[in-house]
Amino acid sequence: MGVRLSGTAGLRRTLARLSLRPGWVAVATAVGVALTVDLDRIPLALRYLPLVASALVVGLPHGAVDHLTPAWASEETPTRRSLLAVGLCYLLLGGAYAAAWALAPAAAFAFFLVLTWLHWGQGDVYPLVALFPVSHLDDRLGRALTAAVRGGLPMVVPLLGFPERYAAVAGRVVGLFDPAAGVAWLTAPGVRIALGLSLAALTAAALGRGLVIRGPTRSLRIDAAETILLWAFFLTVPPVLAIGLYFPLWHGLRHVGRLVAVDPGARAPLRGGDVTGTLWRFARVAAPLTVASLVLLAALAVALPSTPETTPDLAAAYLVLLAVLTLPHVVVVSWLDRQQGVWTSTG
């Protein structure tokens, strides 16, 4: 399947219902609540609930079919060789990154921020190109600018709106390995101002370029609305709650939508517009490696220098596991990008 879903309006509508609309509803609702209610009054456990729930609901599962992705995208049957290749990718890259957390946790955390910026950015580019017959992102530069903006929003904007909470989460994650490691550089005024101004400039450049080159296409209008909504979301919703909603319902579902579009077993429910059946099929396929990931999380909690006991500590351990799994996952998604021509100019 190419990057554009040309000539398949029904499929595009089904995929939009599955992968885009839940994120729109969740983010818009959270912004509305944040503007009318003091979210600090919500009990701590409830603020962490979406992030914790993502271990079972879309978050971990969205990467739990990586072993099948190369075969699906190539329209082939999975083989021992393809399964082994992805398994080795996870073992070698994930193992090396896990070692980096133990040896240099502050540097590993900084790498996680950059890696997630890259990955969440690339995750938002694909639907803006694939789900619209005419996209304003018809060349590599336009897509790179949009990826930089979209990945930067969840990484940078919470730092502007909630610097102390951002630093507290970072310190808790790094502190699992080295309580003395410093992350004060994150909230330094110069760093925040530079990142904020750079992201604002990138936002204006990405949207402005699309308008100049292609005009007010539907894809550009959706892109602009989503970008403005995400700026508001991450500025007003506390970081842990914001990421807990964004990770599964925005990023995760968009990737699931991309995967079911190439999954041979999902073609029948997709063609019939059956979103529930499509998601149920994905959940069954993702279940084995989701369970395996939860086992890894338990092993990590036991292996840490100090056993996590509180909800924030458990969430911090979960973030470390996500970091370790994200590195090989990015390799698989980048291969998928290349296979589908995501970074190939079409203009």
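In the predicted model, the side chains of L84, L88, L91 and L92 form a nonpolar patch on the surface, with a combined accessible area of about 420 Å². One of these residues, L84, lies in helix 5. L84 counts as exposed because its relative accessibility is 53%, where the threshold for that class is over 50%.

Charged side chains were examined next. The salt-bridge count comes to eleven. Among these, R254 and D124 are paired through their side chains at 3.7 Å, N to O. Since R254 belongs to helix 11 (residues 239–260) and D124 to helix 6 (residues 105–130), this pair ties together parts that are 130 residues apart in sequence. Both R254 and D124 are buried.

A salt bridge of 2.9 Å, N to O, is formed by the side chains of R214 and D138. R214 is located in helix 9 (residues 189–214), whereas D138 is in the loop between helix 6 and helix 7 (140–161), so this pair ties together parts that are 76 residues apart in sequence. The partners fall into separate accessibility classes: R214, at 38% relative accessibility, is partly exposed, while D138, with a relative accessible area of 7%, is buried.

The side chains of R172 and D313 also meet in a salt bridge, at 3.0 Å, N to O. This pair links distant parts of the chain, with R172 in helix 8 (residues 163–175) and D313 in helix 14 (residues 311–340), 141 residues apart. R172 is partly exposed, its relative accessibility being 36%. Beyond individual pairs, salt bridges that share partners join D124, R150, D223, E226 and R254 into one network. The buried pair described above, R254 and D124, is thus represented in this network by both of its members.

The loop between helix 6 and helix 7, which holds D138, also contains H136. H136 is buried, at 3% relative accessibility. The C-alpha atoms of H136 and R214 are separated by 5.4 Å, although the two residues are 78 residues apart along the chain. With neighbours within four places in sequence left aside, the contacts of H136 are G210, R214, T217, S219, L220 and D223. The side chain of H136 is joined to that of S219 by a polar contact of 2.8 Å. Two of the residues in contact with H136, R214 and D223, also take part in salt bridges: R214 is paired with D138, and D223 belongs to the network.

In helix 7, attention was given to L145. L145 is buried because its relative accessibility of 17% lies under the 20% limit. Apart from neighbours within four places in sequence, L145 is in contact with L202, A205, A206 and R209. By contrast, L145 and A181, which are 36 residues apart in sequence, have C-alpha atoms 33 Å apart in space.

An acidic residue without a salt bridge was found at D66, which is buried. D66 is situated in the loop between helix 3 and helix 4. The nearest side chain of opposite charge is that of R258, at a distance of 9.9 Å. Side chains of opposite charge can pair when their charged atoms come close. For D66, the distance to R258 is 9.9 Å, whereas a salt bridge requires the atoms to be within 4 Å. The side chain of D66 instead makes a polar contact of 2.4 Å with the side chain of Y90. Residues up to four places away in sequence being excluded, D66 touches V86, Y90, H329 and V332.

Backbone geometry was considered last. Most residues other than glycine have a negative phi. V58 has a phi near 70 degrees, a positive value in a residue other than glycine. V58 is placed in the loop between helix 3 (44–53) and helix 4 (69–73), and D66 is found in that loop as well. A positive phi of about 55 degrees is likewise present at E75, which is not a glycine. E75 is located in the loop between helix 4 and helix 5 (80–103). The surroundings of these two residues are opposite in accessibility: V58 is buried, with a relative accessible area of 16%, whereas E75 is exposed, at 58% relative accessibility.

How values were computed:
Residues are numbered from 1 along each chain as its sequence is written. This is a predicted model: local features need pLDDT of at least 70, side-chain atom pairs count only at pLDDT 80 or more; totals for chains, interfaces and linings use all residues. Side-chain values use heavy atoms; hydrogens and water are left out. Helices (H or I, at least four residues) and strands (E, at least two) are DSSP runs, numbered from the N terminus. Buried means under 20% relative accessible area, exposed over 50%, partly exposed in between (1.4 Å probe, protein chains only). Lys and Arg count as positive and Asp and Glu as negative; His and the chain ends are not counted. A polar contact is a pair of N or O atoms within 3.5 Å; within protein, one must be able to donate a hydrogen and the other to accept it, and residues adjacent in sequence count only if both atoms are side-chain atoms. Contact means heavy atoms within 4.5 Å. Patches are made of residues with over 30% relative accessible area and no salt bridge: like charges are joined within 9 Å, nonpolar side chains (Val, Leu, Ile, Met, Phe, Trp, Tyr) within 5 Å. Accessible areas come from the Shrake-Rupley method with a 1.4 Å probe; for residues, only the protein chains shown count as cover.
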